[in-house]
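Reader: I have a model open beside its sequence, and I would like to learn how to read it. Could you walk me through it step by step?

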Amino acid sequence: MERTLSIIKPDATRRSITGKINAMIEEAGLSIIAQKRIRLSVSQAEEFYGVHKERPFFKDLVEFITSGPVVVQVLEADNAIPLYRKTMGATNPSEAEEGTIRAAHAESIEANSVHGSDSAENAVIEINFFFDQDEIVG
Ligand code: CMP
């Protein structure tokens with residue numbers, strides 16, 4: 001079994017579609033084994049998205065992700081990382097396949113409703129960023 005970190009982003013919490021997104025996650029065969037609703041501080045967001053700090057969209061990204069509540073989650077399944085990336089669809093919703101979370105719900109490349117870890121190494125870092133071990137019930 002593999003674990004990945006998911007974030008349901010402010011555009012989705014604002015529209016009260018976290019339940020719809022969770023249904024798509026569970027229908028894809030991913031178990032939600034930890035979940036909490038939080039508001040990221042600017043410094044937390046800058047640290048979490050640190051790999052993107054040289055990108056032109058970094059400031060906007062931090063502003064967006066701190067603009068409202070997010071739901072952070074740990075998802076578990078066989079091959080959870082690629083399975084969740086497939087379930088989310090492409091980063092840019094205009095390129096996301098039909099039936100994916102981003103095709104169904106994302107508003108733009110920035111307000112794209114969900115985040116998922118992109119590698120096993122980053123999944124461990126990202127899960128530990130938000131969760132203590134005793135908050136994860138597999
Ligand atoms: P996420 O998977 O959370 O990781 C980094 C985020 O940066 C990504 O989702 C997008 O929401 C955002 N992003 C990536 N490329 C762009 C872009 N060209 N313009 C604005 N935001 C972007």
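Author: Gladly! Let us begin with pairing: two strands pair if DSSP finds at least two bridges between them. In this predicted model, strand 1 and strand 4 (residues 114-116) meet that with three bridges, in the antiparallel sense.

Reader: Which residue of strand 4 is the bridge partner of Ser-6?

Author: The partner of Ser-6 there is Gly-116. Ser-6 also stands opposite Gln-73 in strand 3.

Reader: How many bridges join strand 1 to strand 3?

Author: Seven bridges join strand 1 (residues 2-8) to strand 3, and the two run antiparallel. Another pair to look for is Thr-4, which stands opposite Leu-75 of strand 3.

Reader: And how many bridges join strand 2 to strand 3?

Author: Seven bridges link strand 2 (residues 31-38) with strand 3, again antiparallel. Try Ser-31 on your screen: its bridge partner in strand 3 is Glu-76.

Reader: Next I would like to understand burial. Is strand 3 mostly covered or mostly open?

Author: For burial, the cut-off is a relative accessible area under 20%. Strand 3 is mostly covered, with eight of its eight residues buried. Look at both faces: Val-70, Val-72, Val-74 and Glu-76 point one way, while Val-71, Gln-73, Leu-75 and Ala-77 point the other way, and all are buried.

Reader: Why is strand 1 described as largely enclosed?

Author: Strand 1 has five buried residues out of seven, so the rest of the structure largely encloses it.

Reader: Can we take single residues now? Is Thr-13 buried or exposed?

Author: Thr-13, a residue of helix 1, has a relative accessible area of 9%, so it is buried. To see what surrounds a residue, leave aside its neighbours within four places in sequence and list the rest of its contacts. For Thr-13 these are Ile-8, Thr-18, Arg-37, Pro-69, Val-70 and Val-71. Two of the names, Val-70 and Val-71, came up above as buried residues pointing opposite ways from strand 3.

Reader: What about Ile-101: buried or exposed?

Author: Ile-101 sits in helix 6 and counts as buried because its relative accessibility is 0%. With neighbours within four places in sequence set aside, Ile-101 is in contact with Ile-21, Met-24, Ile-25, Tyr-84, Thr-87, Met-88, Ala-106 and Val-114. You can also check a distance: the C-alpha atoms of Ile-101 and Asn-22 are separated by 9.7 Å, although their places lie 79 residues apart along the chain.

Reader: Where does Glu-97 lie, and is it buried or exposed?

Author: Glu-97 lies in the loop between helix 5 and helix 6 (101-105). Exposed means over 50%, and Glu-97 has 62%, so it is exposed. Its C-alpha atom is 8.9 Å from that of Lys-86, 11 residues away along the chain.

Reader: I have heard that backbone angles deserve a look. Which value does phi of Ser-16 take?

Author: A handy habit is to look for positive phi in residues other than glycine. Phi of Ser-16 is near 55 degrees, which fits that description. Ser-16 is in the loop between helix 1 (10-14) and helix 2 (18-27), and it counts as exposed because its relative accessibility is 63%.

Reader: Where is Asn-79, and what is its phi?

Author: Asn-79 lies in the loop between strand 3 (70-77) and helix 5 (80-88). Its phi is also a positive value near 55 degrees, in a residue other than glycine. With 53% relative accessibility, Asn-79 counts as exposed.

Reader: Let us step back to the whole chain. How many helices and strands does the chain have?

Author: There are seven helices and four strands, and from the N terminus on the order is β-α-α-β-α-α-β-α-α-β-α.

Reader: How does the radius of gyration of the chain agree with a compact globule?

Author: A compact globule of 138 residues would have a radius near 14 Å, and the chain has 14 Å, so the two agree. Along its principal axes, the C-alpha trace spans about 35 × 35 × 25 Å.

Reader: What share of the residues is buried, and how much area does the chain expose?

Author: Buried residues make up 46% of the 138. The chain exposes about 7,300 Å², of which carbon and sulfur atoms supply 47%.

Methods: Residues numbered from 1 in each chain as written. Predicted model: local features only at pLDDT ≥ 70, side-chain atom pairs only at ≥ 80, totals over all residues. Heavy atoms only, no water. Buried < 20%, exposed > 50% of the residue type's maximum accessible area, 1.4 Å probe, protein only. Contact = heavy atoms within 4.5 Å. Rg over C-alpha atoms; globule rule 2.2 N^0.38 Å. Areas by Shrake-Rupley, 256 points an atom, 1.4 Å probe, with all protein chains shown as cover.
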